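User: I would like to learn how to read burial, contacts and helix packing in a model like this one. Could you take me through a few features, giving the general idea before the particular case?

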Amino acid sequence: MKICHFTSAHESNDIRVFIKECSTLAAAGHETYLVAQGESRVENGVHVIGMGALPKSRRERMMVFSKAVYKKALSLDCDVYHFHDPELLRYGLKLKRRGKKVIYDSHEDVPSQIKDKYWIPKLLRSAVSTAFKMYETHVVRHVDAVVAATPYIKEQFRGRTRRAVVICNYPILKGIREPIPYGERKLELGYTGIRCSDDRGAIQMVQAATKAGAGLDIYGNIEPESLLEEMKKEDTEGLVRFHGLVPYDELQESMANMKIGLLVEHPTENAKNALCIKMFEYMAHGMTIISSDIPLWKDIIDDAGCGIAVDPYNVDQIAKVIRKLMKDPELSSQMGMNGFHAVKKKYSWESEAKKLRRLYERI
């Protein structure tokens with residue numbers, strides 16, 4: 001098949017979109033394209049069609065840039081179109097009217113996520129959420145499939161679309177080596193992600209690292225930008241290093257050298273039902289996890305025996321757990337290995353890739 005993935009919000013090297021889904025389809029022999037921000041290239045057998053820099057204005061991205069991405073995708077005249085952003089829903093409908101096969105990849109429970117968006121006035125969030133869900137329902141009734149990143153997200157589409165498939169964002173095990181022994185790791189605390197924001201525990205991480213006297217490496221964009229200055233003010237001991245977004249291979253190398261992974265996100269409506277990719281990536285690298293005590297996350301961590309759950313707002317408790325793990329390398333090492341073995345057994349991309357290929361065969 002000739003397949004086009006397109007996105008107006010994600011990077012052209014996005015882990016789920018490019019490294020996992022597009023690369024999997026190209027490896028299966030499909031002629032695969034990705035239209036996204038950035039430069040054009042051919043990588044992993046995927047033809048990346050670069051659309052240049054992402055506009056700084058959110059409004060411009062949603063209204064102008066998304067239309068340009070759609071037009072470029074349409075010009076490729078593919079058999080199947082797979083899009084990844086809520087702002088592209090209207091173009092999914094246009095593609096169906098042109099007789100194309102269309103897949104909507106829902107990375108988040110967007111109606112719930114809207115209720116936590118800081119840039120939408122609080123008084124309007126509930127109404128915006130309701131209106132979005134009504135429009136989303138109208139679109140997904142017509143598309144050929146919805147790909148949901150978690151079982152919970154799939155459940156939100158029950159009765160609203162003809163086919164919904166769960167394809168979890170589990171880590172790719174191919175190329176991940178046996179974890180580096182805990183005592184040989186060079187980095188103490190780490191946080192990785194596309195973005196680091198207040199609701200992802202940005203301030204609490206810096207405060208806890210400072211109280212515990214531990215070095216902290218943060219990977220991902222700080223959003224909003226003003227938060228970066230606030231975090232630097234809290235870093236009174238100079239223990240925090242901000243790396244921004246880095247290439248996938250470089251990030252994997254850094255994670256392999258981290259002892260403890262921080263996942264102290266606030267219990268927002270979206271987070272409560274999310275299978276956080278950071279958790280599984282930490283586990284894949286044998287990192288000990290300090291996680292928010294969100295019930296779903298705590299159950300996974302307790303079942304694997306790979307970390308400790310904490311109140312994400314309690315800086316003293318987080319710092320205490322950091323000190324405990326640093327003072328007991330034997331316990332930390334065992335927890336890290338427990339996570340590594342759990343990922344190999346239950347949480348790998350390889351099993352999800354089979355589901356993705358089957359979906360394309362069926363539609």
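**Reading burial, cores and helix packing**

Analyst: Let us start with a single residue: Q113 has its place in helix 4 (residues 110–114), where helices (H or I, at least four residues) and strands (E, at least two) are DSSP runs numbered from the N terminus. This is a predicted model, in which local features need pLDDT of at least 70, side-chain atom pairs count only at pLDDT 80 or more, and totals for chains, interfaces and linings use all residues. Residues are numbered from 1 along each chain as its sequence is written, and side-chain values use heavy atoms, with hydrogens and water left out.

User: Is Q113 buried or exposed, and what does Q113 touch?

Analyst: Buried means under 20% relative accessible area, exposed over 50%, and partly exposed in between (1.4 Å probe, protein chains only). Q113 has 18% relative accessibility and therefore counts as buried. Contact means heavy atoms within 4.5 Å, and, not counting residues up to four places away in sequence, Q113 touches E108 and N270. By way of contrast, R195, which lies in strand 10 (residues 195–197), counts as partly exposed because its relative accessibility is 22%.

User: Which residues have the most contacts inside the largest nonpolar core?

Analyst: In soluble globular proteins, nonpolar side chains tend to be buried together. A nonpolar core is a set of buried Ala, Val, Leu, Ile, Met, Phe, Trp, Tyr and Cys residues joined through side-chain atoms within 4.5 Å. Here the largest has 61 residues, and L216, I218, M231, M283 and I290 have the most contacts inside it. Helix 7 gives the most to this core, with 7 residues. Apart from it lies another core of 32 residues, among them C78, V110, F132 and V146. M283 is also one of the buried residues of helix 10, a helix (residues 277–284) that is mostly covered, with 7 of its 8 residues buried.

User: How do helix 7 and helix 12 cross?

Analyst: Axes are lines fitted to C-alpha atoms, for helices over the stretch in contact, and angles run from 0 to 180 degrees between N-to-C directions. The axes of helix 7 (residues 202–212) and helix 12 (residues 315–327) come within 8 Å and cross at roughly 50 degrees. Angles under 35 degrees count as roughly parallel, over 145 as roughly antiparallel, 65 to 115 as roughly perpendicular and the rest as oblique, and helix 7 and helix 12 are therefore oblique to each other.
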